[in-house]
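Here is a short set of exercises to work through with the model open beside you. Try each task before reading its solution.

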Amino acid sequence: MSTDENDTAEESSASPRTRSVDVVVVGAGTSGCYAAATIANAGYDVTIVERKPAEEAGHIACGDALKGADAFPEAIPKSKIEPAFTNTEVDHGRFEIPQEDTVLDIPVPGELAVIDRWEYGRLIIEGAEEAGAELHYDTVVQDVKQDDDGTVTGIVGKHDGEVVEYDADIVIDGAGSLSLLQDKVDFSDATFDTNVSYQHFSSAYREVVEVPEPVEWSDALVFKPAEVAAGYVWYFPRTETTINAGLGFQMTEEPMKLVDDLKRDLRERPEFEGAEVVDKLGAALPTRRPYDSATAPGYMAVGDAAAHVNPTTGGGIAGAAYAGKYAGEQAAIALEAGDVSEEMLWRYNRRVMDHFGGRYASLDVYNILSTAVDVDDLMGLIASIPGEKLAEALYSGTTSFGPVLLAQTAASSYGHWSQIYEFFKIKRLADELLAHYGRYPSRPSALEGWKVERDRIMDDIYELTGADPKY
Ligand SMILES: Cc1cc2nc3c(=O)[nH]c(=O)nc-3n(C[C@H](O)[C@H](O)[C@H](O)COP(=O)(O)OP(=O)(O)OC[C@H]3O[C@@H](n4cnc5c(N)ncnc54)[C@H](O)[C@@H]3O)c2cc1C
């Protein structure tokens, strides 16, 4: 049961307003809404606390590309979010490689759509509310409450200039990239991954642009390398005439002037002549491996707050939705058992790693590679690899070449053979890493031992690529 102490207790002007709930979720993004809907569906009392006002909630910087919606968690029914799918005709990536004078059309496996992101944001909030979650807007979370034994017991925020407190058995941190909560929790008695630096993030910016005439590539997600290797420009068609245009770069690189660089690219493309910008937003997103552990007693981090993003594409909506589901299900089990220890919450980490975490960690190897190579060499190499193999590698984290394909690739890649040989050696290590994530421990006490072997594989990767250690 939710209670508001000030409804019953004598009000004191000095004491903050305190509510008690089973679970408090910070952030009404994808991860927070799916977590809250899952918990509410299980019959528990859950409140989402969101810093934005109700009118602005769900308005989040995004490329608007949604992959894998066919298999999205059902806590929020797919029929609820479908009205936001404005372009379901997109079925492939179109990689423009000006250095090689090449355009590669690459199929994208699974269901793909470009969406009206703000509408989707509003619909998932509605979905969480319909499941039974409460939404408290205009409330900026500034601190956490924590017991002497390290268990997180609630949060402290500000609403309308007033301090508000929420006591909860479990706090779910869905506050996005660089979540403030993680600066406030004392993780010294937990396995929670604190090996996080700004270089693990990308800075990204996007505009929604209306063009006068339908674009020819309205069935494709268009990608183009940025001037730095670890960055790219994108054009994703929400409709034939509404385009999400953006760019991002890994923060290991010299900062790009995002707004100016995008403007320049737009000016060079004839289809954007006479275009009108209708929305602008930028943000940081994690482009690193998922957190080794996203749990502490009474606390789980989900979505961007735990780096649940495909680090090569920057796609994070699907990871956020699934992390929300897994954390929500584990929260319900912990509440039922009356035990919110890390041991009890641990299965959440394991489910994330089994489903997509290991795959994203192995894809991060290619991100590490891209920081250590010349952009022209990399583009030459990409242009020489068959499109469907590249698609497989991008989304599954691994791919294999039969003998005929190998011969064809060898012929088309003449001039890049030494790089291809290096690439295969790197791929072998990425596969080894993926297999190691398949052995992610089933108990928190085994994490340290598991990390020793993972870090050994990472050392081999740094040695082979010549990249600076990322972690
Ligand atoms: C420019 C850009 C383009 C992208 N393009 C794509 C794409 O095309 N496809 C894709 O799948 N992914 C894309 N991503 C990634 C994707 O947007 C994220 O991975 C996804 O939104 C993560 O969801 P989340 O719920 O974890 O966090 P968010 O969506 O960031 O939600 C966090 C919420 O927490 C709230 N909040 C934060 N701090 C506080 C606080 N202190 N108190 C209260 N509330 C707080 C925020 O207001 C926000 O509502 C892109 C990201 C960026 C930046």
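**Exercise 1: Overall picture**

What share of the contacts in the protein with a separation of 6 or more comes from residues 24 or more positions apart? Then describe burial, secondary structure and confidence.

*Solution.* Start with the contacts: residues 24 or more positions apart supply 71% of those with a separation of 6 or more. Next comes burial: of the 471 residues of the protein, 56% count as buried. The secondary structure consists of 14 helices and 19 strands. Finally, keep in mind that this is a predicted model. Its pLDDT averages 89 over the protein, and 86% of the residues score at least 70. Residues 6-13 need some care, since there pLDDT stays under 50. For that stretch the model has four contacts beyond four places in sequence.

**Exercise 2: The nonpolar cores**

Find the largest nonpolar core and say which helix gives the largest share of it.

*Solution.* The largest nonpolar core holds 99 residues. Among the residues with the most contacts inside this core are Tyr120, Ile155, Ile172 and Tyr348. Helix H9 (residues 347-370) provides the largest share, with 11 residues. Now look at the domains: at least three core residues come from each of domain 1 (17-87 + 109-191 + 290-352) and domain 3 (363-465). There is also a second, separate core of 17 residues, including Val222, Ile243, Leu258 and Phe272. As background, nonpolar side chains in soluble globular proteins tend to be buried together.

To see the largest core from one residue, select Ile172. Leaving out residues up to four places away in sequence, Ile172 touches Val23, Val24, Val25, Val26, Ala35, Ile39, Met300, Val302 and Ala327.

**Exercise 3: A three-stranded sheet**

In the open sheet of three strands, work out the strand order and why one side of each edge strand is left without a neighbour.

*Solution.* First read off the order, which is E4-E8-E5, with antiparallel pairing. Strand E4 (65-67) and strand E5 (85-87) each have a single partner strand, so one side of each lacks a neighbour in the sheet. Between neighbouring strands of this sheet the average turn is 55°, direction ignored. Then zoom in on one pair: E5 and strand E8 (residues 112-115) are joined in the antiparallel sense over two bridges. Asn87 has Val114 in E8 as its bridge partner.

**Exercise 4: A seven-stranded sheet and its helix**

Which strands are at the edges of the sheet of seven strands, and which strands does helix H6 touch?

*Solution.* Lay out the order of this open sheet: E7-E6-E14-E15-E16-E13-E17, with mixed pairing. The edges are strand E7 (102-107) and strand E17 (276-286), each pairing on one side only. Here neighbouring strands are turned by 20° against each other on average, direction ignored. Helix H6 (residues 258-268) packs on the sheet and touches strand E13 (201-210), E14, E15 and strand E16 (242-250). The direction of H6 makes about 130° with that of E16. Within the sheet, strand E14 (residues 220-225) pairs with strand E15 (residues 231-237) in the antiparallel sense over four bridges. Phe223 stands opposite Trp234 in E15.

**Exercise 5: One loop residue**

Is Ala71 buried, partly exposed or exposed?

*Solution.* Locate Ala71 in the loop between E4 and helix H3 (78-81). The relative accessibility of Ala71 is 43%, so this residue counts as partly exposed. To finish, compare sequence with space: Ala71 and Tyr322 are 251 residues apart in sequence, with 9.9 Å from C-alpha to C-alpha.

Note on methods. Residues are numbered from 1 along each chain as its sequence is written. This is a predicted model: local features need pLDDT of at least 70, side-chain atom pairs count only at pLDDT 80 or more; totals for chains, interfaces and linings use all residues. Side-chain values use heavy atoms; hydrogens and water are left out. A nonpolar core is a set of buried Ala, Val, Leu, Ile, Met, Phe, Trp, Tyr and Cys residues joined through side-chain atoms within 4.5 Å. Buried means under 20% relative accessible area, exposed over 50%, partly exposed in between (1.4 Å probe, protein chains only). Domain bounds come from an automatic or database domain assignment. Contact means heavy atoms within 4.5 Å. pLDDT is the predictor's confidence in each residue, from 0 to 100. Two strands pair if DSSP finds at least two bridges between them. Axes are lines fitted to C-alpha atoms, for helices over the stretch in contact, and angles run from 0 to 180 degrees between N-to-C directions.
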